[in-house]
Amino acid sequence: MSDQNDNNDWHVPWRLLVFEMIGTGLLLLGGLSFVILMFGAGSPMEQLIPSIVIRRIITSFLFGCVGAAVALSIVGKISGAHINPAVTFGFWMMNKMDAKTAACYVLAQLAGAFLGCLPLLLWGAIGRSIDFGATIPGKGYSAEAVVMGEAATTFGLVATLFIFIAFRRLRPFTPFMVPFLYAFMVPLEADISGTSTNPARTFGPSIISGRWDGWWIYWLGPVIGTVVAIVVCSRFTGRIEVAKLYHFDHEPDRRRLFHRMAGSK
């Protein structure tokens with residue numbers, strides 16, 4: 001009966017969705033600007049830092065810092081800063097979000113990805129030279145290999161996030177872990193898939209660049225990686241209190257929506 005009542009009481013959490021859209025937009029605007037700066041044709045960074053590996057480490061670390069800043073900000077305080085459909089999907093699988101809210105979050109993330117990428121057009125030829133940071137399958141790799149690359153890196157992201165969130169001593173460091181995780185994963189995997197780990201991160205630049213090569217890979221791979229991560233982390237489900245990456249004790253509205261979705265008091 002209570003589940004039926006909760007379903008009847010459900011309404012679109014517009015405030016959370018707007019902030020989630022903003023957060024995803026900021027992630028892509030900031031993160032992909034670093035990608036374009038580091039790898040765009042004509043950028044001085046190629047001469048300043050000739051090593052592609054070092055540039056990948058720096059870029060992925062800075063990209064992760066943008067995501068961490070979003071999680072720590074007022075944006076993350078309100079929405080929980082998923083800023084990634086794979087993370088939302090993981091919270092839903094762990095019963096920390098209801099299906100309707102999770103679906104709305106994904107739509108907000110895709111909208112934010114599109115809006116956040118529009119200003120990238122101002123990079124002009126430098127941005128176009130690398131398709132504004134679009135992720136596409138690496139040359140010489142089969143579709144299966146690229147899917148596995150995305151699945152493996154998304155598994156690394158989701159599993160590590162949920163392990164940190166599950167344990168109170170690690171929980172405060174969750175956002176700060178992300179830049180280091182990407183700085184480790186990207187140099188190892190980028191040649192295979194571009195290390196998206198985030199369907200919204202792929203969706204945004206694909207729209208403005210028109211590059212949709214293997215677009216389905218960047219949904220299937222993260223879904224597989226997330227499912228495996230949740231299975232592996234299933235013993236920690238009870239430890240995860242709410243569907244947020246930081247500001248765990250803050251509730252954005254009087255209905256205590258995050259705690260209600262997670263079944264907490």
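# Salt bridges, buried contacts and the largest pocket

Arg-211 has a relative accessibility of 26% and therefore counts as partly exposed, because this class takes in the values between the 20% limit for buried residues and the 50% limit for exposed residues. This residue belongs to a predicted model, and the distances, accessibilities and volumes below are computed from that model.

## Charged pairs

The side chain of Arg-211 meets that of Asp-213 in a salt bridge, with 2.9 Å from N to O. Asp-213 is itself partly exposed, its relative accessible area being 33%. A network of salt bridges links Asp-131 with Arg-211 and Asp-213. The salt bridges in the model come to five, and the table gives some of them.

| Acidic residue | Basic residue | N to O distance |
|---|---|---|
| Glu-241 | Arg-168 | 2.5 Å |
| Glu-241 | Arg-171 | 3.5 Å |
| Asp-213 | Arg-211 | 2.9 Å |

What does the salt bridge of Glu-241 and Arg-168 tie together? The two side chains come to 2.5 Å, N to O. Glu-241 lies in the loop between helix H12 (217-232) and helix H13 (257-262), while Arg-168 lies in the loop between H9 and H10, so the pair ties together parts that are 73 residues apart in sequence. Glu-241 is partly exposed, with a relative accessible area of 22%, whereas Arg-168 is exposed, with a value of 57%.

Glu-241 also forms a salt bridge with Arg-171, where the closest N and O atoms are 3.5 Å apart. Since Glu-241 sits in the loop between H12 and H13 and Arg-171 in the loop between H9 and H10, this pair ties together parts that are 70 residues apart in sequence. Arg-171 is buried, with a relative accessible area of 7%.

## Buried residues and their contacts

The backbone oxygen of Arg-171 is in turn reached by the side chain of Thr-174, at 2.8 Å. Thr-174 has its place in helix H10 and is buried, its relative accessible area being 1%. When residues up to four places away in sequence are not counted, Thr-174 touches Leu-161, Phe-164, Ile-165, Leu-245 and Phe-248.

Thr-197 is found in the loop between H10 and helix H11 (199-209). Is Thr-197 buried or exposed? With a relative accessibility of 0%, Thr-197 counts as buried, because buried means a value under 20%. The side chain of Thr-197 makes a polar contact with the side chain of Tyr-182, at 2.6 Å. Leaving aside neighbours within four places in sequence, Thr-197 is in contact with several further residues, among them Asn-84, Glu-150, Thr-153, Leu-157 and Pro-222. Between the C-alpha atoms of Thr-197 and Trp-219, which are 22 residues apart along the chain, the separation is 8.8 Å.

Ala-86 is another contact of Thr-197. Ala-86 lies in helix H6, residues 85-93, and counts as buried at 4% relative accessibility. Outside the span of four places in sequence, Ala-86 touches Thr-154, Val-158, Thr-197, Pro-199, Pro-222 and Thr-226. The C-alpha atoms of Ala-86 and Asp-191 are separated by 21 Å, and these residues stand 105 residues apart along the chain.

In helix H5, which covers residues 74-79, Ser-79 is buried with a relative accessible area of 0%. The side chain of Ser-79 makes a polar contact with the side chain of Glu-20, at 2.9 Å.

## The largest pocket

Rolling a probe the size of a water molecule over the atoms shows where empty space is left. How much space lies in the largest pocket? It holds about 1200 Å³. Its lining is made up of 47 residues, and those that lie nearest the centre are Val-35, Gly-133, Thr-135, Gly-194 and Arg-201.

Which helices each supply at least two residues of this lining? They are helix H2 (14-39), helix H4 (52-72), helix H9 (143-166) and helix H10 (174-193). H4 gives the most to the lining, with 10 residues. Sorted by class, the lining has 22 nonpolar, 17 polar and eight charged residues. Glycine is counted in the polar class.

Note on methods
Residues are numbered from 1 along each chain as its sequence is written. This is a predicted model: local features need pLDDT of at least 70, side-chain atom pairs count only at pLDDT 80 or more; totals for chains, interfaces and linings use all residues. Side-chain values use heavy atoms; hydrogens and water are left out. On a 1 Å grid over the protein atoms alone, a cavity is a set of points where a 1.4 Å probe fits but cannot get out, and a pocket is an open set with protein on both sides within 12 Å along at least five of seven lines; lining residues have an atom within 4 Å of a point. Grid points are joined across faces, edges and corners, and a volume is the space filled by probe spheres set on the points. Helices (H or I, at least four residues) and strands (E, at least two) are DSSP runs, numbered from the N terminus. A salt bridge is a side-chain nitrogen of Lys or Arg within 4 Å of a carboxyl oxygen of Asp or Glu. Buried means under 20% relative accessible area, exposed over 50%, partly exposed in between (1.4 Å probe, protein chains only). A polar contact is a pair of N or O atoms within 3.5 Å; within protein, one must be able to donate a hydrogen and the other to accept it, and residues adjacent in sequence count only if both atoms are side-chain atoms. Contact means heavy atoms within 4.5 Å.
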